[in-house]
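Work through the exercises below with the sequence and the 3D structure at hand. Try each task before reading its solution.

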Amino acid sequence: MQAHHEESLSGSRGGSGTGPGHRSAGVQLMGLVAFLGASALVAWLGALATLNNVDGWYATADKAPWSPPNWVFGPAWTLLYTAMAVAAWLVWRRRSERTGPALAAYAVQLVLNLSWTPVFFGLYPVMGTAALWLGLAIIIALVIAVTVTVLFFGPISRPAGLLLLPYISWLVFATSLNWWAALHN
């Protein structure tokens, strides 16, 4: 019974022909590179919006007393984006019937992730505080989307689900920073 349960959770046995072993090492490596590339692209596009404003309006903004120094964000996001990519890759390589919906949830959270930075940093000079409240709505939706992604990833690949837990923690922390900024700027 336990072996059957593990097989059904892995999605890689039971005659389905969908396990990671059915993809060559080269295809699996290309998949990993693609997921890392997608995360890097989102990070780079977000950095464009941040770099133009972090030394502008944000430098003089009223920030939460628990805000870390600006240099912390780059390394933290680098680790989180890498973990996100590896998690998505682990799910992709399972090729179960649940992989498609799980990766769709991942794509939704990636789009929300991408949209937050230009709204929060880029629109503030144009919209003022309204941009910070809109950013708060986006980041709350992002926390929900990542939570759904974890719930989809976990049954397919437990390590993939676990890899996203620090991301949720960071997002909840970032939500508190966004909330403070919206209230005080």
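A pocket, on a 1 Å grid over the protein atoms alone, is an open set of points where a 1.4 Å probe fits, with protein on both sides within 12 Å along at least five of seven lines; lining residues have an atom within 4 Å of a point. A volume is the space filled by probe spheres set on the points, which are joined across faces, edges and corners. The model is predicted, so local features need pLDDT of at least 70 and side-chain atom pairs pLDDT 80 or more, while totals for chains, interfaces and linings use all residues. Residues are numbered from 1 along each chain as its sequence is written, and side-chain values use heavy atoms, with hydrogens and water left out.

**Exercise 1.** Describe the largest pocket and its lining.

*Solution.*
- Step 1: the volume of the largest pocket is about 710 Å³.
- Step 2: the lining has 34 residues, and Thr50, Phe73, Trp77, Thr117 and Phe121 are the closest to the centre.
- Step 3: the lining is sorted into 22 nonpolar, eleven polar and one charged. Here Ala, Val, Leu, Ile, Met, Phe, Trp, Tyr, Cys and Pro count as nonpolar, Asp, Glu, Lys and Arg as charged, and the others, Gly among them, as polar.

**Exercise 2.** Which helix gives the most to the lining of the largest pocket?

*Solution.*
- Step 1: helices are DSSP runs (H or I, at least four residues), numbered from the N terminus.
- Step 2: the helices that each supply at least two lining residues are α2 (25-54), α3 (73-92), α4 (99-122), α6 (129-156) and α8 (165-184).
- Step 3: α2 gives the most, with ten residues.

**Exercise 3.** Is alanine 102 buried or exposed?

*Solution.*
- Step 1: buried means under 20% relative accessible area, exposed over 50%, and partly exposed in between (1.4 Å probe, protein chains only).
- Step 2: alanine 102, in helix α4, has a relative accessible area of 0%, so alanine 102 is buried.
- Step 3: for contrast, leucine 114 also lies in helix α4, but its value is 29%, so leucine 114 is partly exposed.
- Step 4: leucine 151, in helix α6, is at 58% and therefore counts as exposed.

**Exercise 4.** How far apart in space are alanine 102 and phenylalanine 153?

*Solution.*
- Step 1: along the sequence, alanine 102 and phenylalanine 153 are 51 residues apart.
- Step 2: from C-alpha to C-alpha, alanine 102 and phenylalanine 153 are 6.0 Å apart.
- Step 3: for leucine 114 and leucine 142, 28 residues apart along the chain, the C-alpha separation is 9.9 Å.
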